Structures are given as structure tokens and as C-alpha cells.
Amino acid sequence: MTPRDDLPDEFIGTGFSVHIARLHGVSRSRLRGVDLEAPFFGVRAPARSVPTFDDVEDPYERQRRARVHRAHAYAPRLHTGHFFSHHTAASVWGAPLPLEFAEDDTITGYSDLHLHVSAAGHTPFPRAAGTVGHRTLASMTEVTVHDGLRVTSPAATWASLGGLPLFDIVAIGDHMCRVWRDGRGRPTPGRTPLSTREGLRTMLDAGRRRGAARLRDALELVREDSWSPRETRVRCILVAGGLPEPELNVDLYDEAGRFLACVDMAYREARVIIEYLGMLHGERWAADVERLARLRAAGWVVIEVTSPLLRRRTELVRRVSEALGI
């Protein structure tokens, strides 16, 4: 008999609860088989190497996927009254989080990313290695199912993250409230936003929150047209530096009505464009060079913001101020 012969069909190829397996008659010795691993206490899954997501170039996305993968691994032991929240829920909803770092200043790896698990009301407090437990009032949260996982709603997730820095809270709010409008090159137009600014406000006002003052400040800065956390940071730096708020993700046309480009940020009257340049390679880099050349030829001043410039806030504000003539 091979080790796999005596597992019920519903357990093959997926993670499963040890408790449920025992109820199905699976022996303790079988649960210690070499073809199984224990990603969490009380859970078994097919033995395989821990995923690294090394094929994902963006470290933020790599860490987000790792959190979601760990949540799926933990899900079989999730108490019926428990749900994923805070950073874990944010990752499930695809929201941008700041990078987590280990004590040696390296980016935190898969196995060291803690899951955030919450309980509402008098449900037993969640306790398990590799998790951070929370308790909340049922009136202060909303729970739904997304990607097969029981998680706090987008608005409730945002309201739980008041301990993050201001600009990160704004970026998560921008992600939750993004309106997917029609336009040239705009992805999935008409897609339903995850939440609204009013929805965020409702959850914020539901009770006492950690970082409530910072959440309120962030809410005033949340917008519906930001496409990335780096765009959010550029906008927040400019506004904090005393500059007018730019329009976001604007479709621009030349004098003949021909489409030029959709740009990250624009001051139309001053004909100034701000573009954040992330990791550009190959055809994408070449396309961006041509796009920016067309905009300059049409009489627009283009300020390109790189990652190093984003860290030099005073210099960024100075360059935009000079372009605006302020």
C-alpha cells in the first residue's frame, strides 16, 4: 500500500484539517506520512517546497502573494467564528502594503510573514503559531468571503490599519475606492469598486479605532482615480509641500483631437505632467520613451519621478514648483 492510498478523495491535492481527517478515520500515523507536511498546527498539506515567488519581480507583490498563499494554507483550521483581517485581509484584497523586513534588514520571507486572524464578540481568541490574534466587536467589522477566504470587507480592512504610516493608509484607501472608468488604455472599465469613501467613513465611525486621527487625515486624501501606491505617494508629497493637487490619470489630446496619452498626474492650465517611472524593461520602456516624447512635442512639460527622486521629497516639490512657476 502506498502512503496515498488511504486518504479520502477530498483531501488529495489540497490542505485539510487534522481534526476533520481524524473524523474520516485517517490514522495518526498516516497523518505523519512523508508525503504530507504541516504548514500550521492542525493542518496537513501535500509535501512540497515552500514557495518563494521568485518569478515575481516586484518585492511588494511577492510579499502580498506569500501572505495570500499562507492564508489558504491556514484556512482549513480557521475557527468558524474567526476571519482574516488587518495586513492579511489587505493582501487578499490586493491592496498595497509597505514591505516587511526581518531583524537583519532583509525582506521578510514566506515562513516569517504572520497571518492576522480576528474574532468578533465572545468567540474564542485566535491563538496559533505564525499568527497575530485580534478581537473586535461585531458592530465594528464586516466579514465576507473573497478568493475562498473569510476576510474583513475592504472598508473594515482599511479601518483596521491605522497603525500604518499616513501615506500607506491613503494608498490602501485609494486602492479600495478606485473607480474603473472608461478611457483609452484603462483596464477593466466598469468594474465595481471595492468600496467608497463613504464606506470607509462608516467603518471608521463605527467605534474607537487604533490610529483614528491618522485614519481621518488619510480619508481626506483618498481619491478615486489613483492607479498605484507610488502615484499616491507622489500626490501626497506634492500636496503636503503646499502645491495644488494635480488631476489623476488624465487622458490628453492634441489640438487636432488626437489621443496623446493617459498620464499619471497633470496640471492642465500650466501644461505640466508628472509621470512616475517604475521598473521599466524592454518594450514597455521603449513605449514610455515614445509616449513622453509625443507629450513634450505637443508642448507639455514632463517631470519624470524615479524611485530615488521619490525619496528626496524636497527636491521633488522644488522641481514641480519651478515647472508651475510657483
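**Exercise 1. Determine how many aromatic pairs the whole structure contains, and describe the pair of Tyr74 and Phe84.**

*Solution.* A search of the whole structure finds three aromatic pairs. Rings of Phe, Tyr and Trp (its six-membered ring) are paired if their centres lie within 6.5 Å, and planes under 30 degrees apart count as stacked, over 60 as edge-to-face and the rest as tilted. The model is predicted: local features need pLDDT of at least 70, side-chain atom pairs count only at pLDDT 80 or more, and totals for chains, interfaces and linings use all residues. Residues are numbered from 1 along each chain as its sequence is written, and side-chain values use heavy atoms, with hydrogens and water left out.

Step 1. A pair of aromatic rings is described by the distance of the centres and the angle of the planes. For Tyr74 and Phe84 these are 6.0 Å and 65°, an edge-to-face pair.

Step 2. Tyr74 belongs to helix H3 (residues 59-74) and Phe84 to strand S4 (residues 82-84), so the pair ties together parts that are ten residues apart in sequence. Helices (H or I, at least four residues) and strands (E, at least two) are DSSP runs, numbered from the N terminus.

Step 3. Both Tyr74 and Phe84 are buried; the term means under 20% relative accessible area, while exposed means over 50% and partly exposed in between (1.4 Å probe, protein chains only).

Step 4. Phe40 joins Tyr74 and Phe84 in one aromatic cluster.

**Exercise 2. Characterise the pair of Tyr253 and Phe259, and state the exposure of each residue.**

*Solution.* Step 1. The ring centres of Tyr253 and Phe259 are 5.6 Å apart and the planes meet at 70°, which makes the pair edge-to-face.

Step 2. Tyr253 has 43% relative accessibility and therefore counts as partly exposed. Phe259, at 23%, also counts as partly exposed.

**Exercise 3. Identify the rings over whose faces Arg70 and Arg191 lie.**

*Solution.* Step 1. The criterion places NZ of Lys or CZ of Arg within 6 Å of the ring centre and within 35 degrees of the ring normal.

Step 2. Arg70 lies over the face of Tyr110, 5.5 Å from the ring centre. Arg191 lies over the face of Trp180, at 4.2 Å from the ring centre.

**Exercise 4. Locate Thr188 and Arg271, and give phi for each.**

*Solution.* Step 1. Thr188 is in the loop between helix H6 (166-177) and helix H7 (197-204). Its phi is near 40°, a positive value in a residue other than glycine. With 43% relative accessibility, Thr188 counts as partly exposed.

Step 2. Arg271 is in the loop between strand S10 (259-267) and strand S11 (272-276). Although Arg271 is not a glycine, its phi is positive, at about 55°. The residue counts as partly exposed because its relative accessibility is 33%.

**Exercise 5. Describe the surroundings of His87.**

*Solution.* Step 1. His87 is placed in helix H4 (residues 86-92).

Step 2. Leaving aside neighbours within four places in sequence, His87 is in contact (heavy atoms within 4.5 Å) with Arg67, Leu97, Glu100, His116, Leu161 and Leu164.

Step 3. Ala21 is 66 residues from His87 along the chain, and the two C-alpha atoms are separated by 30 Å.

**Exercise 6. Summarise the protein chain as a whole.**

*Solution.* Step 1. The chain has twelve helices and twelve strands. Its C-alpha atoms fill a box of roughly 75 × 45 × 40 Å along the principal axes.

Step 2. Of the 326 residues, 44% are buried. Among contacts with a separation of 6 or more, 59% involve residues 24 or more positions apart.
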